[in-house]
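Q: I would like a close look at a single part of this model, worked through step by step. Please keep to what can be read from the structure itself.

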Amino acid sequence: MVIKILGTGCRNCVRLQKNVEAAVKDLGIEAEVVKETDMEKIVEYGIMSTPALVVDEQVVSAGKVLKPEEITQFIGQTNG
């Protein structure tokens, strides 16, 4: 599983990354967490605001910092 945080590195992007890492740890799963800061690549996902969360190439959230509990729900949905 690959989880991407899309954003320029702002405070909210950092918070989202920490929440993603906490969610992955809580679930006890293996996941590659990637920070994507290249605006050209971010635009390719069609999002209009950051931070955004992408799980296995599916945009699941944009423009807000999800809590770890919310992230675990998205990971569970895409993980099967």
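Is Asp56 buried, partly exposed or exposed, and what is its relative accessible area? Please set the answer in the context of the hairpin of β3 and β4.

A: In this predicted model, Asp56 is partly exposed, because its relative accessible area of 36% falls between the 20% under which a residue counts as buried and the 50% over which it counts as exposed. Asp56 is found in the loop between β3 and β4, and the hairpin formed by these strands has two residues between them. Although Asp56 is not a glycine, its phi is positive, at about 45°. Glu57, which lies in the loop between β3 and β4 as well, is likewise not a glycine and has a positive phi of about 65°.

The strands on either side of this loop, β3 with residues 52-55 and β4 with residues 58-62, are paired in the antiparallel sense over four bridges. Within that pairing, Ala52 has Ala62 of β4 as its bridge partner. On the other side of β3 in sequence, Pro51 is placed in the loop between α2 (39-44) and β3, and the peptide bond that joins Thr50 to Pro51 is cis, with omega about 5°.

Strand β3 also contains Leu53, and this residue offers a contrast with the loop: Leu53 is buried, because its relative accessible area of 1% is under the 20% cut-off. Leaving out residues up to four places away in sequence, Leu53 touches Gln58, Val59, Val60 and Ser61, and its other contacts include Ile3, Leu16, Val20, Leu66 and Ile71.

Leu53 and Val55 both belong to the largest nonpolar core, a set of 11 residues that also includes Ile3, Ile5, Ala23, Val24 and Ile75. At least two residues of this core come from each of β1 (2-6), α1 (11-27), β3 and α3 (68-79), and α1 gives the most, with four residues. A second core of six residues lies apart from this one, and among its members are Ile42, Tyr45, Ile47 and Ala52.

From the side of β1, the link to β3 can be followed through Ile3, whose contacts beyond its neighbours within four places in sequence include Leu53, Val54 and Val55, together with Val20, Val24 and Ile75. As a general background, nonpolar side chains in soluble globular proteins tend to be buried together.

Terms used: Residues are numbered from 1 along each chain as its sequence is written. This is a predicted model: local features need pLDDT of at least 70, side-chain atom pairs count only at pLDDT 80 or more; totals for chains, interfaces and linings use all residues. Side-chain values use heavy atoms; hydrogens and water are left out. Two strands pair if DSSP finds at least two bridges between them. A nonpolar core is a set of buried Ala, Val, Leu, Ile, Met, Phe, Trp, Tyr and Cys residues joined through side-chain atoms within 4.5 Å. Buried means under 20% relative accessible area, exposed over 50%, partly exposed in between (1.4 Å probe, protein chains only). Contact means heavy atoms within 4.5 Å.
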